Amino acid sequence: MNDQTRKTAASLDLQDPLSGFRQEFELPKDQKGDPLIYLCGNSLGLQPKQTKDYIGLELEHWAKWGVDGHTKGQNAWLPYHELLTHQMAQVVGAKDSEVVVMNTLTVNLHLMMVSFYQPSSARHKIIIEADAFPSDRYAVESQIKFHGYDPEQSLLLWQPNPETGLCELSTLKSLMEQHKDSIALIMLGNSNYYSGQVYPIGEITALGHHHGAKVGFNLAHGAGNILCDLHQNNVDFAVWCTYKYLNSGPGSLGGVFVHERHAKDHELPRFTGWWGHNKQTRFKMRDAFEPMEGAEGWQLSNPPILSMAAIRASLDIFERAGMNAIRQKSVQLTAYLAELLQGLDSDKIRIMTPLDPSERGAQLSLQIKNSDRSLHQALTGLGVVSDWREPDVIRVAPAPLYNSYQDVYDFVQRLNQCL
Ligand SMILES: *Cc1c(COP(=O)(O)O)cnc(C)c1O
């Protein structure tokens with residue numbers, strides 16, 4: 001690569017309408033105080049500078065008012081979660097009534113399966129990706145066992161094409177046809193945490209519904225990354241976390257989507273707690289449980305306000321930038337990354353992730369032939385924060401809100417140096 005390409009990166013940054021957002025984030029630095037090249041937003045997103053203020057404000061309210069903070073001020077804690085709903089719904093493409101922020105991802109996955117996995121001896125099978133994130137697999141297996149079924153019979157894996165490592169829709173179709181009316185649920189990640197492949201949410205949902213199955217998605221790598229259009233796509237339920245692309249801090253609360261067609265279904269089995277009870281009578285605490293309509297009816301507990309304050313700080317940025325503009329930049333930024341990698345004079349790198357924007361998000365998974373962990377260590381030594389997956393895969397995810405084209409350029413140059 002020559003100087004011309006670095007100039008190109010700089011000029012792409014100048015033309016980028018979202019470039020100003022980088023300044024709104026805390027960028028981790030090296031010992032000399034220079035910002036690291038942070039490409040790990042798919043694992044833990046960076047901290048918005050305003051997060052401190054949002055959390056600080058609630059600490060202040062707590063100090064000043066004690067218990068009265070529940071009802072006082074603009075951000076009273078009792079309805080605090082409602083402050084997040086509209087912005088979060090915009091991020092995942094849902095109606096406000098379909099979204100709630102609560103608990104954490106795996107907890108929410110269980111709560112959703114309580115409602116949407118109701119196995120019978122005729123229909124008890126769940127399809128997941130062959131290389132699903134371990135926690136998803138544990139959760140699904142334990143639900144199957146909880147209902148008295150055996151994962152050996154009831155858990156089906158959508159296998160990738162061994163040549164490419166990617167899952168193909170045709171394989172899912174034949175799996176559905178082969179097992180016909182015995183599939184109760186399709187539960188997929190989106191995009192896949194390992195390969196970076198994004199699945200067609202709408203087509204998969206239609207396929208599942210055609211066969212009488214429920215369809216749910218784990219959007220851990222989708223929320224804030226791709227356009228999920230959950231409502232339009234007719235998904236039954238979805239769950240996600242907020243600490244990856246949504247920049248809301250380690251272990252922060254998760255989000256849940258329940259399609260509005262289930263909003264008033266009081267017959268659905270569910271695990272319940274006081275926070276899902278009709279708001280008007282919640283504090284009487286003597287009435288029989290009466291679920292709130294919509295996703296809010298799945299809440300259990302009064303939520304951690306300090307975590308929600310961090311989510312608000314981040315969602316305010318998403319609202320200002322706009323999910324469409326974020327995705328548009330992401331498509332271009334990652335295409336630029338792929339282009340530079342392909343321009344390297346190296347046959348050692350195989351990009352596993354599909355390059356068609358409809359099949360990927362921000363992340364590219366790079367298989368580096370004949371390499372081991374020492375390559376990743378060398379890269380880290382050069383100031384790149386990326387993620388290594390055994391045996392030979394580096395995952396890099398330029399985040400459109402805080403990564404620049406120059407970050408991408410510098411990364412590729414340093415990777416090349418390590419090869
Ligand atoms: C990050 C991630 C999780 C994490 O689950 P938690 O309950 O938030 O710890 C689960 N599934 C997938 C696919 C993930 O990428």
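In this report, a residue is called buried under 20% relative accessible area, exposed over 50%, and partly exposed in between, with a 1.4 Å probe and protein chains only. The structure is a predicted model, in which local features need pLDDT of at least 70, side-chain atom pairs count only at pLDDT 80 or more, and totals for chains, interfaces and linings use all residues. Residues are numbered from 1 along each chain as its sequence is written, and side-chain values use heavy atoms, with hydrogens and water left out.

## Domains and their interface

The protein is divided into domain 1, made of residues 3–49 + 323–418, and domain 2, residues 79–319; such bounds come from an automatic or database domain assignment. The contact between them, meaning heavy atoms within 4.5 Å, takes 34 residues from domain 1 and 25 residues from domain 2. Between the C-alpha centres of domain 1 and domain 2 the distance is 29 Å.

The size of an interface is often given as the accessible area lost when the parts come together. Buried area is accordingly the accessible area (1.4 Å probe) that two parts lose on being put together, summed over both. For domain 1 and domain 2 this area is about 2400 Å², and carbon and sulfur atoms give 59% of that value.

A polar contact is a pair of N or O atoms within 3.5 Å; within protein, one must be able to donate a hydrogen and the other to accept it, and residues adjacent in sequence count only if both atoms are side-chain atoms. Between domain 1 and domain 2 there are 10 residue pairs in polar contact, both residues being at pLDDT 80 or more. Helices (H or I, at least four residues) and strands (E, at least two) are DSSP runs, numbered from the N terminus. On the side of domain 1 that touches domain 2, α10 (323–343) and β13 (393–396) each supply at least two residues. Helix α10 gives the most to this side, with five residues. By class, the same side of domain 1 has 15 nonpolar, 11 polar and eight charged residues. Here Ala, Val, Leu, Ile, Met, Phe, Trp, Tyr, Cys and Pro count as nonpolar, Asp, Glu, Lys and Arg as charged, and the others, Gly among them, as polar.

## Salt bridges

A salt bridge is a side-chain nitrogen of Lys or Arg within 4 Å of a carboxyl oxygen of Asp or Glu. The count by this rule comes to 12 salt bridges, but zero are found across the interface of domain 1 and domain 2. Three of the pairs are listed below.

| Salt bridge | Closest N and O atoms |
|---|---|
| Arg6 and Asp410 | 2.9 Å |
| Asp16 and Lys329 | 2.7 Å |
| Arg137 and Glu141 | 3.2 Å |

The pair of Arg6 and Asp410 links distant parts of the chain, with Arg6 in helix α1 (residues 3–15) and Asp410 in helix α12 (residues 405–418), 404 residues apart. Arg6 counts as partly exposed because its relative accessibility is 30%, whereas Asp410, at 12%, counts as buried.

Asp16 lies in the loop between α1 and β1 (37–38) and Lys329 in helix α10, so this salt bridge ties together parts that are 313 residues apart in sequence. Asp16 is buried at 7% relative accessibility, and Lys329 is buried at 5%.

Arg137 and Glu141 both lie in helix α5 (residues 134–146), four residues apart, or about one turn of the helix. Arg137 is partly exposed, its relative accessible area being 29%. In addition, a network of salt bridges links Asp387, Arg389 and Arg395.

## A buried asparagine

Asn403 is placed in the loop between β13 and α12 and is buried, with a relative accessible area of 3%. A polar atom of the Asn403 side chain lies 2.7 Å from the backbone nitrogen of Ala399. Leaving aside neighbours within four places in sequence, Asn403 is in contact with Arg22, Tyr38, Leu39, Lys329, Leu333, Ala397 and Pro398.

## Backbone features in loops

The peptide bond from Asn190 to Ser191 is cis, with omega near 0 degrees; Ser191 belongs to the loop between β5 (183–189) and α8 (201–210). Glu390 and Pro391 are also joined by a cis peptide bond, with omega about 0 degrees, and Pro391 is in the loop between β12 (387–389) and β13.

Lys180, although not a glycine, has a positive phi of about 30 degrees and is found in the loop between α7 (169–179) and β5. Asn370 has a positive phi near 55 degrees and lies in the loop between β10 (364–368) and α11 (373–381). Asn370 is exposed, with a relative accessible area of 78%.
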